[in-house]
There are 2 protein chains.
Amino acid sequence: MNESDLRVLRTRAAIKSAFEQMVCELDYDQLTVSELASRAHINRKTFYLHYQSIDELMDDVVIEPTVAEFTGKDVSYASIDDIAGIVRFYMTMATKQSKLHERIMCEPSYRSVYERISRRIMDYRREHNKGALHLDPLAENIVYAFFESNSPTLYRQWVADGKKMPLEDFIELSIGLVTHGMAYAVPGYQQQLDHQSTDSSASNQ
Amino acid sequence: MNESDLRVLRTRAAIKSAFEQMVCELDYDQLTVSELASRAHINRKTFYLHYQSIDELMDDVVIEPTVAEFTGKDVSYASIDDIAGIVRFYMTMATKQSKLHERIMCEPSYRSVYERISRRIMDYRREHNKGALHLDPLAENIVYAFFESNSPTLYRQWVADGKKMPLEDFIELSIGLVTHGMAYAVPGYQQQLDHQSTDSSASNQ
C-alpha cells in the first residue's frame, strides 16, 4: 500500500471517528459538514471527495452495518416462544450497545434514522415469515406492526426511567405485554401461553 | 377595528393558510420561511414580525390547539373498558382528521412534531391517572408507554395498507392487542376481560 492509499484510509478513519463523536454529543440536525471537517482536521472539500452528504456517511457508518448484522440472523415467528425469544434478544442487545447506537435508538432527533434501520430489518423479516401467523395479510401487517414497535418503545421508557427497574423484571414485563397482546390475535398462541403457565405452575410445586 | 388591525389579521390568515398547504405537500425539512413567504405573498421580514421561526408557527397552528383539545377531555384508566374506549376514540378521531393532521401523524418526516404533541398529552394523562393501574411507578411507566404507543403505530400501518381492512375489524383487532397485553400486567384487568367474554358468549346463545 502506497502513501496515497494510506492517506485515504487515515482520512476516512478520521471522518468516521469525528462522526461517531458528533452523534454522541449533538442532535441530528446539528450534524453539519463544517463541524465534521473541523473536528476531523480536514477541509470541507476533502469530505466531499469521500462522501456526498452527512446522510451518506450515516448510511455507511451506522445504517448498513446494523441492517446487515440483524438480517444476517434468521428469526422465526412460528411460536409464542420465538416471539418471547426475539423480545429478550432485542432487550439484551440493546443493553449492550455502544453509546452511539443508544443515542440513535433513544434520542428523539435521531428517530428518522432509527426508523430507516427498523423498516429495513422488519421488511426483511416479514418477507421471510410471510404467513407464519396464519392470518390474512392485512391482519398480519397490523400484528407485525404491534410486535415490531413495542420493544423499542418499552426500551426507551426503561432508559428514560434511568434503567432503574431490574433488567430481568423489565424483560419479563415486556415479553408478557407483547406475547399476551399477540395471543389475542394469532391462532394457537393462546393455547401455547396457557400450556406455558401450566408447565411453570407444575414446576413450582 | 382599523385598517392596520385588519391588515395584521389578513397577514396572519395568509401565513397560516400557506403553512397548512405546505405541511400537506412538503416534508418537514422543506418548510422554510422563504417558501412560506412566497406562497403567502409577503416578505420574509413580514413573517418575522409575526413569528420567530417555523417551529413557533407549528406550535401556534398545530401543537397547542391539538394538545388543548385532548387535555380538555378527561379520560380514566380505571378499567379495561376505559382502555378499550380510549383506543376506539383515538381510531375514530384519527379517521376523521384533516389531511394536515393525518400528515403529521403518519409522515416519517413529521415524527418529531407528532412526538411533541403526544408527549404533552400523555404526560397530562399520566399525571391525572397516577396509581390507577395499581402498579409500582416503574412498571406503571412501562405499561403506560405500551398503552400510549400502540394506537398511533397500528393506525399508521392501517393507513400504509390503504385503509383496506374494514374500520370496525381494525378497531376490534387494535383493542384486542392492547387490552390483552395490558391484562398481563394490570391487576384486575384479566378478570374483567374474562367477564366480558363470558357476557358475550352468553349473549350469543
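This passage walks through a predicted model of two protein chains, going from the parts of one chain to the way the two chains meet.

Chain A comes in two pieces: domain 1 covers residues 3–51, and domain 2 covers residues 64–199. Measured out between their C-alpha centres, domain 1 and domain 2 of chain A are 34 Å apart. Even so, the two pieces do touch, with nine residues of domain 1 of chain A in contact with nine residues of domain 2 of chain A. Putting these domains together buries about 720 Å², and carbon and sulfur atoms give 59% of that area. On the domain 1 side, three residues do most of the work: A:Val23, A:Cys24 and A:Tyr28 lose the most area to domain 2 of chain A, and together they make up 75% of what that side buries. As for the kinds of contact, there are zero salt bridges between domain 1 and domain 2 of chain A, but five residue pairs are in polar contact there.

Two stretches of chain A also carry labels from UniProt. The unreviewed entry lists residues 9–69 of chain A as "domain: HTH tetR-type". In the model, this span is 79% helix and 0% strand, and its end C-alpha atoms lie 23 Å apart. The unreviewed entry also lists residues 32–51 of chain A as "DNA-binding region". Here the end C-alpha atoms lie 13 Å apart, and the span is 75% helix with 0% strand.

Next comes the pairing of the two chains. In general, two copies of a chain are related by a rotation about an axis and a shift along it. In this model, a turn of 180 degrees with a shift of 0.0 Å along the axis lays chain B on chain A, with an RMSD of 0.0 Å. The two copies are thus related as by a two-fold rotation axis. Which C-alpha of chain B is nearest the axis? That of B:Gly181, which sits 2.0 Å from the axis. Both copies use the same surface, too: 100% of the contact residues of chain B turn up again in chain A.

So what does the meeting place between the chains look like in numbers? Chain B puts 29 residues in contact with 29 residues of chain A. The area buried between chain B and chain A is about 2700 Å², with carbon and sulfur atoms giving 75% of it. No other three residues of chain B supply more of its buried area than B:Ile142, B:Leu177 and B:Tyr184, which account for 24% of what chain B buries against chain A. Between chain B and chain A the count of salt bridges is zero, while five residue pairs are in polar contact.

Helices show up clearly on this side of chain B. At least two residues each come from α7 (111–128), α8 (137–160) and α9 (167–185) of chain B to the side that touches chain A. Of the helices, α8(B) gives the most to that side, with 13 residues.

Conventions. Residues are numbered from 1 along each chain as its sequence is written. Chains are lettered from A and ligands numbered from 1 in the order in which they are written. This is a predicted model: local features need pLDDT of at least 70, side-chain atom pairs count only at pLDDT 80 or more; totals for chains, interfaces and linings use all residues. Side-chain values use heavy atoms; hydrogens and water are left out. UniProt positions are given in the numbering used here, feature names are shortened, and annotations may be inferred rather than shown by experiment. Helices (H or I, at least four residues) and strands (E, at least two) are DSSP runs, numbered from the N terminus. Copies are superposed by least squares on the C-alpha atoms of residues with pLDDT of at least 70 in both. Contact means heavy atoms within 4.5 Å. Domain bounds come from an automatic or database domain assignment. Buried area is the accessible area (1.4 Å probe) that two parts lose on being put together, summed over both. A salt bridge is a side-chain nitrogen of Lys or Arg within 4 Å of a carboxyl oxygen of Asp or Glu. A polar contact is a pair of N or O atoms within 3.5 Å; within protein, one must be able to donate a hydrogen and the other to accept it, and residues adjacent in sequence count only if both atoms are side-chain atoms.
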